[in-house]
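Me: Please take a close look at one helix pair in this model, then set it in its surroundings. I am new to this structure, so explain terms as you go.

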Amino acid sequence: MEREKVPVSNSTFSAATRPEERPGGTGSSARRVIRVILLSLTLTCVWLTVRFPYEAESGLEYLLSGPNRINPQTLHLRGEFVESNLGPAEEPDGGVTVRMIAEQYLFVPQCVVVPTGVPLRVRITSADVVHKLTVSDAGDEVKAVPGYVVETHLRFERAGEYPMPCHEFCGPGHYAMRSKLIAVPPEQFRNLSQQARMNCVSR
Amino acid sequence: MGSDVAEPPVRIPSNVAWTARTIAMASSGDALRGLLIGRRCDRCHGREGFSSSPSVPNLAGMDRLVVWKQLDDFRSGKRSSPVMQPIANSLSLEDSADVAAYYWMMPIAPDPQDDRAFPQSLSDPKHEAVAGRLITAGDGNRGLPPCQACHGPVGFVTGAPSLATQNATYLLEQIEGFASGRRANDINLRMRSIAVQLTDEERHALAEFYGAGLAEPNARPAGR
């Protein structure tokens with residue numbers, strides 16, 4: 001009786017449930033995992049290419065570019081470029097950080113007062129298209145790219161006025177897109193209010 | 001980012017950000033529904049979108065994103081007006097989009113039978129040249145971009161209104177407001193940076209130039 005049963009159960013076993021088709025089998029689950037990984041990789045690539053959140057040059061660049069990313073559409077709502085945070089700010093280490101927004105067709109703030117002889121950290125981003133801040137005497141150019149915060153380090157030894165025009169064509173108002181830095185001795189800088197440091201434009 | 005910086009109290013000029021979602025919502029209004037809601041705007045803004053008082057803005061042909069943003073700013077108190085704030089408070093986001101769609105499709109053609117204040121004549125003929133230069137060329141030495149690069153017809157910036165059919169008194173009030181900071185709902189300090197640099201003569205000249213209908217009317221920004 002037992003001998004007869006064995007081949008019957010063997011034949012049903014081999015026909016209906018072969019090892020690789022069993023639900024808990026090692027072969028099939030590994031294959032499924034690989035399939036899911038490949039599918040999600042494909043979907044990620046498609047998403048990065050087609051529906052990329054910020055206006056950076058590519059999705060991969062966005063992922064690899066580190067912490068200096070920012071959404072150009074919401075600069076005024078959150079983050080370090082809200083309007084109360086723009087302009088020069090004194091740092092605990094004695095340096096000064098200047099935050100600016102480049103937009104069609106202005107640099108905001110348009111005129112910034114900075115102290116001479118201290119290291120300056122200029123952080124700039126763009127709200128719309130690519131602009132290029134050019135500090136005439138320092139020979140320095142900073143490209144302001146939407147989606148990114150770009151940083152440059154400057155130091156002015158001489159007091160005076162330093163024009164900073166835009167050197168990247170950005171639209172019909174490009175040629176009027178100019179701002180300036182006014183470097184003053186540190187003691188004079190300390191006595192100025194934040195309002196005066198940001199609004200040195202002449203009327 | 002910037003965690004080592006002591007943050008001053010954050011000032012937010014407007015809750016509106018021009019994300020794709022906001023633009024889609026603001027431009028999805030139903031003009032017919034807007035016509036019904038807009039009946040109560042008639043008394044000040046005119047039956048044809050042109051006001052009989054020069055200190056009230058004309059809304060005919062106004063870009064719908066502009067109307068929608070201003071209504072939202074009135075609602076959130078980012079722009080203050082004792083008249084408009086209660087009215088805006090009674091409108092939902094969809095209502096605002098409908099009203100905006102209604103004014104957007106109104107024609108800006110002249111109508112002799114309408115009691116509109118627009119256009120008014122210049123108070124000083126010299127103003128035409130002063131304003132014309134600022135509108136078409138700006139002033140590069142002071143970093144003043146030409147008005148037409150954002151307000152049309154040469155270029156458009158999202159949220160910048162067309163000014164070609166706007167009332168002079170209203171415009172002057174807004175320029176003064178931006179310059180003094182009384183009105184501060186422009187995103188990223190755009191208008192405040194510009195208005196503060198204009199001299200008194202330039203402010204009057206610009207307001208009167210637009211208010212006299214001397215500026216070229218805009219082709220409607222496409223696709224919005």
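Reply: α9(B) passes α11(B) in a right-handed crossing (the near helix is turned clockwise from the far one by less than a right angle; anticlockwise would be left-handed). This is a predicted model, where local features need pLDDT of at least 70, side-chain atom pairs count only at pLDDT 80 or more, and totals for chains, interfaces and linings use all residues. Residues are numbered from 1 along each chain as its sequence is written, while chains are lettered from A and ligands numbered from 1 in the order in which they are written.

Now the pair itself. Helix α9 of chain B spans residues 168-180, and helix α11 of chain B spans residues 200-211. They pack at about 145°, and 8 Å separates their axes (lines fitted to C-alpha atoms, over the stretch in contact; angles run from 0 to 180 degrees between N-to-C directions).

Who touches whom? From α9(B) come B:Ala168, B:Leu171, B:Leu172, B:Ile175 and B:Glu176. α11(B) answers with B:Arg203, B:His204, B:Leu206, B:Ala207, B:Glu208, B:Tyr210 and B:Gly211. Contact means C-beta atoms, placed from the backbone, within 7 Å. By class, this contact has 7 nonpolar, 2 polar and 3 charged residues (nonpolar: Ala, Val, Leu, Ile, Met, Phe, Trp, Tyr, Cys, Pro; charged: Asp, Glu, Lys, Arg; polar: the others, Gly among them).

Step back to chain B. Its secondary structure has 11 helices and 0 strands (DSSP runs: helices H or I, at least four residues; strands E, at least two; numbered from the N terminus). From the N terminus, the elements of chain B read α-α-α-α-α-α-α-α-α-α-α. Along the principal axes, the C-alpha atoms of chain B fill a box of roughly 55 × 50 × 35 Å. Take the contacts in chain B between residues at least 6 apart in sequence: 75% of them join residues at least 24 apart.

Chain B also meets chain A. There, 31 residues of chain A are in contact with 34 residues of chain B. On chain A, β2, β3 (106-108) and β10 (178-184) each give at least two residues to the side touching chain B. That side of chain A holds 15 nonpolar, 11 polar and 5 charged residues.

Last, confidence in chain A. Its mean pLDDT (the predictor's confidence in each residue, from 0 to 100) is 80, with 75% of its residues at 70 or more. Among its elements, strand β2 (residues 96-103) has the highest mean, 93, and helix α1 (residues 2-16) the lowest, 47. Over residues 4-17 of chain A, pLDDT stays under 50, and the model has 1 contact beyond four places in sequence for them.

Technical notes: Two residues are in contact if their C-beta atoms, placed from the backbone, lie within 7 Å.
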